[in-house]
Amino acid sequence: MAGYILKRLVSAIPVLLGISVIVFVIMAMIPGDPATAILGSYATPENVEKLNRDLGLDKPMVQRYFIWLGNMLQGDFGRSFSLNRAVLDEVMERFGATLILAGTSFVLCSILGIAAGVVSAARQYGFADKAITFAVLLGISIPSFFLGMMMILIFAVQLRWFPVSGMWPIYGARDLSALISHLTLPALALAVVATGVIARLSRSAMLEVLRQDFIRTARAKGVHERSVIWRHALRAAMVSIIPVLGVQAGFVLSGAVYIEMVFQWPGVGRMLVDAILKRDILLVQGGVVFVAACYVLFNIAVDVAQSLLDPRIKT
Amino acid sequence: MTLALRLTGLSKDFPVGKRLFGPPRAVVHAVQPVTLDVEEGETLGIVGESGCGKSTLARILVGLLQPTSGTIEIAGKPLDNADPAVFGRMIQYVFQDPISSLNPRKTIRQIMEAPLRHLHGMSADARSARIREIFAAVNLREEFLDRYPHEFSGGQAQRIGIARALAADARILILDEPVSALDVSVQAQVLNLLADLKTQFGLTYLFISHDLAVVEAVSDRVAVLYFGAVVEVGPAEQVFARPRHPYTRLLADSAPVVGRPLSAPEARETELPDPLNPPRGCAFRARCAHASALCGETAPALEQQPDGVWVACYHPLTGAG
Amino acid sequence: MSGFFRLLARNRLALAGLIVMGLVVLLALLTPLLPLADPDVTNTANRFKPPLSEGALLGTDHLGRDLLSRLMWGTRLSLAVGFAAAVIAATLGAAIGIIAGFYGGRTDNVIMRGVDMLMAFPYILLALAIVAALGPGLMNALIAVAAVNIPFFARNIRGITVGIAHKEFVDAARLSGMTDARIIATEVLPNVVPVIVIAMSTTVGWMILETAGLSFLGLGSQPPQADLGSMLGEARSALITNPHTSVVPGVMILIIVMAINLLGDGVRDALDPRLKSGALSRPMPTTLVDRSAPVPKPSDDGLLSITALETQFRVKDRVYRAVGGVDLHVEPGECLGIIGESGSGKSVTALSIMGLVASPPGVITGGAAYYRGDDLIGAPYEVLRSLRGRHVAYIFQDPLATLHPLYTVGDQLIEAVRAHHPTPRAEARVRAISLLKSVRIPNAEQRIDSYPHEMSGGMRQRVGIAMALANDPDIIIADEPTTALDVTVQAQILSLLNDLRRERGLAIIFITHDFGVVAQLCDRVAVMYAGRIVEGGPTDTILNAPAHPYTSRLMACVPELGQGRRVLAAIPGLPPAVDNLPTGCAFADRCHKVQPACRTADIPLSGPSDGNRVRCIFPMTASSEASA
């Protein structure tokens with residue numbers, strides 16, 4: 001098993017390099033030169049040239065890439081001009097907030113989605129199935145940012161059950177209960193879409209598995225139906241559900257950008273949008289590479305989980 | 001007697017565990033060098049159990065796979081490039097699964113026209129005349145031409161598959177388990193049709209099957225494959241009646257036959273050798289009661305016995321039983 | 001094509017989606033012609049007018065612009081951008097996927113690694129990076145959304161293409177002299193298009209959400225031009241004071257996306273061939289029973305006696321009478337063979353006994369199956385469950401498909417033991433090992449921890465037999481247990497089954513299509529044709545002197561080893577479809593002895609109850625057999 005994890009980590013290296021190349025190439029497509037963007041259009045040519053030299057922008061593309069990569073590997077992601085702060089520090093701090101939000105949502109949507117899918121498949125065409133199918137349709141059709149806004153309106157403004165926005169109270173203790181009350185609405189709003197997608201896929205994966213011959217074998221053995229569904233069918237269905245969870249984690253992370261905007265959550269998504277609007281390229285670059293790298297590592301964890309589940313995968 | 005097909009040292013290796021660059025991690029010898037002659041007008045049966053390489057061999061013969069080594073000669077002329085379009089005019093293939101060998105989104109006419117158009121460049125009139133002729137030969141009604149494959153039963157679809165192979169006007173047909181997917185009562189219809197077509201068009205058949213009884217019933221000669229190699233070749237009436245290779249004997253004794261009491265020729269569970277780690281010497285050695293030290297050293301070559309049967313065995317059976 | 005629309009229209013939800021979508025698209029197309037206020041003219045004096053105000057049906061926004069007009073123009077823009085993104089992504093993605101999937105090998109490897117790299121990003125990061133590079137703007141948002149979706153299409157279409165490229169009809173096309181380009185265009189593409197359409201129809205809604213999302217973030221359409229997303233984004237600051245400015249565009253997005261999703265699901269259902277036959281239903285724990293006629297009384301006191309069993313498959317408006325009145329009985333220790341071609345109803349008969357016929361679409365519509373005097377048909381689930389595997393056990397055909405791929409064979413055996421006898425796990429494991437030994441699996445102590453995929457076909461079937469033996473059943477129903485096996489392995493399995501039944505006094509119902517197997521294993525045999533038994537009796541009698549023309553001709557058309565080269569006596573024609581059975585004898589159309597009387601009325605199974613019973617009014621006699 002350790003060998004397999006190591007193998008997967010090694011195989012992630014080209015992917016991580018690929019990611020850095022893609023980000024670098026996209027950023028290199030920016031028209032005009034970044035120095036002007038940083039210094040503003042009133043900068044003197046001397047200053048622009050100096051900054052270009054400082055940033056290494058006078059060198060050829062390939063060389064610039066390796067300098068940038070080398071710096072990143074040493075933990076130097078550059079300095080954000082708009083915040084006047086090291087990019088890595090800012091990204092790490094913001095990513096922590098995003099992780100709390102997206103992680104909670106991911107756990108919620110995995111559990112709810114799979115449970116809903118299993119129940120739906122086991123009671124195909126019954127009332128529970130119809131209700132779940134309709135809820136799922138609503139869930140995957142509603143824009144999460146609109147849902148978030150409506151939740152604020154109803155649960156925060158009208159009912160006053162939860163705070164309107166932010167991660168911590170402006171005054172008062174920053175304890176767990178404060179975090180939970182701030183987290184509830186955004187985490188739910190973020191989880192809805194992914195729950196719908198996971199429920200749908202779990203349902204069809206379960207339906208597919210329930211038609212397999214080995215389910216008939218289990219029934220012919222006299223195994224109880226509860227065990228047929230939750231032990232035999234769900235385990236086999238998980239083989240196709242787990243990769244979907246990996247993909248959905250990416251969607252939750254993506255959806256977090258909108259939710260962070262709506263709920264003023266101090267996460268990395270809001271940071272990126274602000275950075276784009278301010279044309280703070282180094283911050284965008286650093287943020288994207290850092291989050292994408294974390295996502296690659298997460299997907300390795302998904303692969304390892306898959307190999308634990310399915311003995312047919314060679315470890 | 002003229003030779004329709006001659007295979008000389010034909011073999012196929014499959015790489016296992018391919019990498020993006022560099023050599024593969026291992027190689028499986030799916031077909032060991034095979035040398036066989038097929039006479040014009042003959043039906044050569046090829047039998048073997050799953051994994052013996054019989055379908056790989058068939059796909060090499062029609063150019064769908066490139067052989068690793070060896071040559072194919074058709075009517076005395078060597079074929080050196082594996083271009084199915086070149087092969088297609090001389091040798092054709094009838095597939096095991098009649099339904100999946102027909103494109104579900106094309107009409108039967110479109111399917112039938114493809115070989116006429118692309119192999120022979122016929123005009124529209126010539127094509128429809130030729131299709132009419134072939135359909136008459138395989139007992140199919142012309143109104144079927146404008147239907148889609150899913151409207152046909154397995155037996156009818158297999159007739160269409162045979163008609164397509166005939167349309168290419170090749171003299172040699174490779175029949176890869178042509179009746180295995182069919183029900184027994186339909187199986188006989190297709191086998192009889194194949195026999196009629198053979199005399200009518202003067203065809204040569206390579207009939208591949210796992211069903212010993214079917215092979216025996218349709219073939220002139222039979223070649224037995226084990227683990228990618230030919231272990232015995234002989235006249236159909238002799239191969240199973242008086243097997244010379246211990247493996248052929250095992251096959252013949254295992255087939256359920258009415259009137260023969262149930263017996264397990266092999267009491268213990270035996271498995272095919274591991275293709276990734278093939279044994280030294282004869283591949284059948286571990287299952288063979290007659291194996292000697294010699295068998296463990298080099299694999300026996302296919303040699304002709306006094307009675308004309310070819311056997312790859314150091315200790316061939318006498319043929320009495 | 002017309003069939004496609006009929007299927008779509010039959011799905012009421014999809015039809016609703018189609019109507020709503022049609023209306024929205026129509027309104028979007030007509031927007032320039034409608035008498036609407038200019039959407040971009042600001043009038044700060046009239047800001048935040050509530051809905052239903054004079055001159056502004058939906059009210060006005062923070063700059064006093066008419067919300068209805070902005071909504072209509074915004075919808076138009078959002079739809080156009082969403083569809084454009086979907087078409088671009090689908091076209092490029094499909095092209096990449098088809099090339100990778102068709103050519104395979106290194107081409108595939110290189111392309112798919114690139115795709116994997118793009119998919120290694122949470123998609124919005126890629127979209128944000130692209131917008132960051134190109135600058136905010138609706139066109140750039142469109143490019144970003146299309147670009148991040150290309151990998152999804154490419155991967156999906158590649159998978160389908162690989163499947164098609166390995167189909168035999170592609171090989172056949174090669175042998176017909178077609179070039180690669182022509183094969184892609186005429187063989188592969190027509191089979192991929194439905195998948196592309198499905199993928200597109202289920203992602204258009206998603207694309208609209210995505211572009212709206214980027215606009216919401218201020219990275220898409222730029223003021224004063226508005227799409228639905230940017231309307232929502234601009235309204236956010238006034239969410240609490242003037243919620244209607246948010247609700248109007250938000251609800252519109254919801255309606256559009258929901259209608260598209262409904263429609264997309266309908267398109268998928270109409271195009272997916274598996275769904276056409278209702279195949280994606282999950283089978284229920286027991287077969288549905290719907291007996292209208294009175295339940296027949298037990299006719300004899302055998303171990304298991306089946307009387308007038310009828311099982312149907314109800315698919316859409318068709319009824320397939322898979323089993324049309326079957327009587328069978330089995331004595332303790334006896335081996336009964338059921339022989340027939342595919343579709344003859346032999347497996348369905350066997351599965352009906354313990355309610356294991358997949359339902360839907362299967363329904364048991366008549367008859368009874370008495371196990372020691374108790375009717376199993378329609379028995380409550382808990383009763384059936386407690387009998388399954390304990391008294392009546394099954395062995396199925398394909399041992400790879402019938403064992404759970406993710407549990408060790410030991411786990412599966414232990415479960416079989418504990419399903420009926422609550423024993424400690426360790427004790428059950430000891431029992432499992434002894435079961436494996438009893439089916440002659442070498443190294444049972446080690447083999448017990450193997451997974452099914454680590455075993456050979458013959459080994460797996462031995463495990464299947466061990467599982468059936470786990471609770472010392474009275475009857476084993478073996479449904480073609482050796483059909484998927486090689487001939488040498490088949491011989492081993494048959495002799496094992498034969499030994500076990502003699503040692504343990506097991507009754508076996510053995511289903512097969514092979515006369516040789518029946519001859520070697522079975523005491524009595526029943527021949528099935530088109531859902532009914534046409535002949536039944538002692539094996540020797542039937543094999544030596546078949547009385548039904550079907551039995552006799554079926555035996556004549558199967559080659560048997562040792563008879564040399566010969567012409568086979570084929571039976572003309574095909575078995576009848578069981579959804580449209582003729583009156584009288586089902587074999588009449590193929591029978592060489594057919595008389596008008598054969599087609600007039602139902603023909604009973606007649607003959608002595610202990611001898612050869614036959615469903616024929618002109619059975620074969622010794623003399624007619626000689627001439628046949």
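Let's start at one residue pair and work outwards: C:Val525 stands opposite C:Gly537 in β11(C). Keep in mind that what you are looking at is a predicted model. The pair belongs to an antiparallel match, in which strand β10 (residues 524–529) of chain C is joined to β11(C) by 6 bridges. The two strands form a hairpin with 2 residues between them, and there C:Ala530 takes a positive phi near 50°.

Stay with β11 for a moment. Strand β11 (residues 532–538) of chain C is mostly covered, with 6 of its 7 residues buried. It has another partner too: β11(C) and β12(C) pair in the antiparallel sense, over 2 bridges. Look for C:Glu535 here, which stands opposite C:Val614 in β12(C).

Now zoom out to the whole sheet. These strands sit in an open sheet of 7 strands in chain C, ordered β7-β8-β9-β4-β10-β11-β12, with mixed pairing. At the edges stand β7 (392–395) and β12 (613–614) of chain C; each has a single partner strand, so one side of each is left without a neighbour in the sheet. Further in, you'll find the parallel kind of pairing: 5 bridges join strand β4 (residues 335–339) of chain C to strand β9 (residues 507–512) of chain C. For a landmark in that stretch, take C:Cys335, which stands opposite C:Ile508 in β9(C).

Elsewhere in chain C the picture is helical. In an unreviewed entry, UniProt lists residues 75–264 of chain C as "domain: ABC transmembrane type-1". That span is 83% helix and 0% strand, and its end C-alpha atoms lie 19 Å apart.

Chain B has a sheet of its own. This one is open and has 8 strands, running β6-β7-β8-β3-β9-β10-β12-β11 (chain B), again with mixed pairing. Its edge strands are β6 (91–94) and β11 (303–304) of chain B, each of which pairs on one side only. A helix lies against this sheet: α5 (residues 154–167) of chain B packs on it, touching β6 and β7 of chain B, and the direction of α5 makes about 170° with that of β6(B). Next to the edge, strand β7 (residues 172–176) of chain B runs parallel to strand β8 (residues 204–209) of chain B, with 5 bridges joining the two. Within that pairing, B:Asp176 stands opposite B:Ile208 in β8(B).

So much for the sheets; how do the chains meet? Between C and B, 57 residues of chain C are in contact with 61 residues of chain B. On the chain C side, the elements giving two or more residues are α7 (168–175), α8 (180–216), α18 (457–469), α19 (487–504), α20 (515–521) and α22 (549–557). The largest share there, 8 residues, comes from α19(C). Sorted by class, this side of chain C has 28 nonpolar, 17 polar and 12 charged residues.

Chain C also meets chain A, with 60 residues of chain A in contact with 62 residues of chain C. Several helices of chain A each supply at least two residues to its side of this contact, among them α6 (127–141), α8 (176–210) and α12 (281–309). The largest share, 10 residues, is from α10(A). This side of chain A has 41 nonpolar, 10 polar and 9 charged residues.

That brings us to chain A itself. UniProt, in an unreviewed entry, lists several stretches of chain A under "transmembrane region", including residues 95–119 and 179–201. Residues 95–119 of chain A are 100% helix, with their end C-alpha atoms 35 Å apart. Residues 179–201 of chain A are also 100% helix, and here the ends lie 32 Å apart.

Finally, chain A is divided into domain 1 (16–87) and domain 2 (88–309). The C-alpha centres of these two domains of chain A lie 35 Å apart. Their contact takes 20 residues from domain 1 and 18 residues from domain 2 of chain A. On the domain 1 side, the elements that give two or more residues are α1 (2–28), α2 (34–39), β1 (79–80) and β2 (85–86) of chain A. Of these, α1(A) provides the largest share, 5 residues. The domain 1 side divides into 13 nonpolar, 5 polar and 2 charged residues.

Note on methods: Residues numbered from 1 in each chain as written. Chains lettered and ligands numbered in written order. Predicted model: local features only at pLDDT ≥ 70, side-chain atom pairs only at ≥ 80, totals over all residues. UniProt positions renumbered as here; feature names shortened; annotations may be inferred. Helix = DSSP H or I, 4+ residues; strand = E, 2+ residues; numbered from the N terminus. Domains from an automatic or database assignment. Contact = placed C-beta atoms within 7 Å. Nonpolar A, V, L, I, M, F, W, Y, C, P; charged D, E, K, R; others polar. Pairing = 2+ DSSP bridges. Axes fitted to C-alpha atoms, helices over the stretch in contact; angles between N-to-C directions. Buried ≥ 20, exposed ≤ 12 C-beta atoms within 10 Å, placed from the backbone.
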